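Trainee: Could you take me through the reading of a model, one feature at a time, with the general idea before the particular case?

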Amino acid sequence: MNYFSLNTPEHISSFKDAVIRGIAPDKGLYFPESITALDPSFFETIQNFSTEDLAFEAIHQFVGNEIPEEELRNILSEVLDFEFPVVELEKNIATLELFHGPTMAFKDVGARFMARCLGYFSKQSNTKENVTVLVATSGDTGGAVANGFLGVEGVDVVILYPKGKVSPIQEKQLTTLGQNIRALEVEGSFDDCQAFVKKAFLDKSITDHIKLTSANSINVARWLPQMLYYFLAYKQVKNKAEKLAFSVPSGNFGNICAGIVAFKLGLPVDHFIASTNINRVIPDYMDTQTYTPRASKPTISNAMDVGDPSNFIRIQKLFSNDYDQLAALFSSESFEDDQTKAAMLKLFIENEYIADPHGAVGYLGLESYLEYHPDTYGIFLETAHPVKFLEVVEETLHTKVAIPKQIQKVMSGQKKSVEIATYEQLKSYLLD
Ligand SMILES: *Cc1c(COP(=O)(O)O)cnc(C)c1O
C-alpha cells in the first residue's frame with residue numbers, strides 16, 4: 001500500500017518508508033492512497049473471527065505485500081495478546097476497556113505494532129544502520145513506546161520527558177527498562193521536550209549521522225492499528241446495538257481518526273463523539289468551521305492537553321474536506337475538570353465503576369449525545385487504567401485503587417536517566 005503526503009499529494013511513499021520516516025520530507029502527514037471497504041459478509045459473521053483473524057482482515061490492505069502474511073499474522077497476535085472487554089454499565093451505555101496491556105494505556109497496541117514493523121524492516125535491510133526513535137512524552141506515550149520497543153533489534157529509543165512533571169508510575173515505566181531504551185529528563189516543560197524533538201528532526205548535523213523517526217500517532221504504524229478497537233467492540237455488541245455510537249476521549253485525535261477509518265471499511269457505526277477537556281480547538285471548529293490552534297491548558301486529563309491536534313487534518317481528509325459530510329457522522333464536545341470529577345463520582349456511586357479522568361470525559365460526551373438519541377447504544381473508550389492517574393482518582397472518589405501486578409513490578413525497578421537542559425546537550429547526547 002502506498003501513502004501520500006497531505007501537504008503534497010505527489011509525494012508518494014511505501015508503507016515501509018512511511019513507517020521509517022514517520023513524517024513525509026515536506027512535513028506532511030502520510031495518508032493511505034486508498035481505503036477499500038470490506039465485504040459485508042465479514043461484518044455479518046464477525047463473531048466467528050478470532051482476534052488475530054479479525055485484525056488481519058481489517059489491516060492487511062494498509063500493509064500490502066510489504067510484510068508477508070504469516071509475519072503480519074505473528075505480529076498481530078503478539079500485539080493483541082490481552083483482553084479488550086466491553087463492560088456494560090447501564091442499559092445502553094458500555095465502556096470499552098483498552099487498558100489491559102503491559103503499560104495500562106491504550107497506546108500499547110499502536111506502540112507495539114510500530115515496534116514490530118520497524119523491527120521487521122530493520123531485519124530485512126542489509127545496511128546495519130540502526131533507526132533511532134526519538135519521542136517526547138507527557139506521560140503515557142513514553143511508557144508504551146519503551147515497553148513496545150524493548151529488545152527490538154536494530155532500533156534504539158530515546159525518550160524525553162519533563163523533569164518532575166510525569167507521575168511516579170509513569171516515570172518508572174520510562175526509566176527502568178534499560179537495554180535499547182534510554183530516558184532523558186529535561187529541565188523544562190513537555191512543550192520544551194516536544195520542541196527539542198522537532199528541532200532534532202530538522203537538524204541536518206544530526207540526521208546526516210543517525211536515522212531518526214518518531215513514535216507518536218503521526219506515524220502510520222502507530223495510528224492505524226487503533227482501528228482494531230472498534231472492530232473488537234462491534235464483535236461484542238453486534239446483537240445489542242441497532243444503532244451504535246462511540247465516544248472517544250481525544251487529544252491528538254489519532255484514536256478517533258482510526259475509528260473513522262474502521263467506519264470507512266464498512267463498520268456499522270452511526271456516530272462518533274470526540275470528547276475533550278477544556279482544550280477545545282475541535283469543538284470550537286465544529287461550531288464555527290474555523291480552526292484556531294491555541295497553547296494547551298493543563299487539566300486532570302492531561303494526555304488530552306493538546307492545543308493543535310495533529311490528526312484532525314486526516315479526519316478532514318477522510319470526509320474529502322467537506323464539513324457537512326464530517327458533521328453528519330462526527331461531533332465534538334468539551335468538558336471542564338469539575339464536570340469530569342462529578343462524572344467519575346457518579347460512575348463510582350451509581351455503577352461501582354472506577355473510571356480514570358480520560359474515560360470520564362468520554363462518558364460525559366456520550367451521555368450528552370444519548371440524551372437526544374435514546375435509541376442508540378453508546379460505547380465510551382476507557383483509554384487508561386485509573387491507577388495511572390492514582391492521585392486524582394483516589395482524591396475524587398475517596399477510595400483506594402488496588403495496584404495491578406504489572407505496575408507493582410515496574411515500581412520496584414531502578415530509575416536510570418540522564419538530565420539535560422539545552423538542545424545542545426540533546427545533540428551531543430545523540431551524536432555521542
Ligand atoms: C493519548 C491518550 C489520549 C488521547 O488520544 P489521541 O489519540 O491523542 O486523541 C486519551 N487518553 C489517554 C489516557 C491517553 O494516553
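**Helix positions and burial**

Mentor: Let us begin with a single residue: N74 sits in helix α4, which spans residues 69-79. Keep in mind throughout that this is a predicted model.

Trainee: Is N74 buried or exposed, or does it fall in between?

Mentor: The general idea is to compare the relative accessible area with two cut-offs, since a residue is buried under 20%, exposed over 50%, and partly exposed in between. N74 has a relative accessible area of 38%, and therefore counts as partly exposed. A separate way to place N74 is by distance: N74 and R116 are 42 residues apart in sequence, while their C-alpha atoms are 9.8 Å apart in space.

Trainee: Why does D284 count as buried?

Mentor: D284 counts as buried because its relative accessibility is 18%, and the cut-off for that class is under 20%. D284 belongs to helix α13, residues 281-288, and, once its neighbours within four places in sequence are left aside, D284 is in contact with Q289 and R294.

Trainee: How should I think about burial along a whole helix?

Mentor: In general, an α-helix has 3.6 residues a turn, so residues three or four places apart point the same way. In this structure, α7 is mostly covered, with six of its eight residues buried; these are I169, Q170, E171, Q173, L174 and T175. The elements that cover the buried residues of α7 include α6 (140-149) and β7 (155-162), together with β8 (181-186) and α19 (405-411).

**A pocket**

Trainee: Which helices each supply at least two residues of the lining of the second largest pocket?

Mentor: A useful habit is to go from volume to lining, and then to the elements that provide the lining. The second largest pocket holds about 380 Å³ of space and is lined by 17 residues, with S167, P168, F389, L390 and E391 lying nearest its centre. The helices you ask about are α7 (168-175) and α18 (390-397), and the largest share of that lining, four residues, comes from α18.

Trainee: What is the make-up of that lining by class?

Mentor: The lining of the second largest pocket comprises nine nonpolar residues, four polar ones and four charged ones.

**A sheet**

Trainee: In what order do the strands of the open sheet lie?

Mentor: The general approach is to establish the order of the strands and the sense of their pairing, and then to go through the pairs. Here three strands form an open sheet, ordered β2-β1-β3, with antiparallel pairing. Its edge strands, β2 (12-14) and β3 (30-32), each pair on one side only, and the twist from one strand to the next averages 40°.

Trainee: Which residues are bridge partners in β2 and β3?

Mentor: Strand β1, residues 2-5, pairs with β2 in the antiparallel sense over three bridges, and the partner of N2 in β2 is S14. These two strands, β1 and β2, form a hairpin with six residues between them. On the pairing with β3, β1 is again antiparallel over three bridges, and there the bridge partner of S5 is Y30.

Key
Residues numbered from 1 in each chain as written. Predicted model: local features only at pLDDT ≥ 70, side-chain atom pairs only at ≥ 80, totals over all residues. Heavy atoms only, no water. 1 Å grid on protein atoms, 1.4 Å probe; cavity = no way out; pocket = protein on both sides within 12 Å on 5 of 7 lines; lining within 4 Å. Points joined across faces, edges and corners; volume = space filled by probe spheres on them. Nonpolar A, V, L, I, M, F, W, Y, C, P; charged D, E, K, R; others polar. Buried < 20%, exposed > 50% of the residue type's maximum accessible area, 1.4 Å probe, protein only. Contact = heavy atoms within 4.5 Å. Pairing = 2+ DSSP bridges. Axes fitted to C-alpha atoms, helices over the stretch in contact; angles between N-to-C directions.
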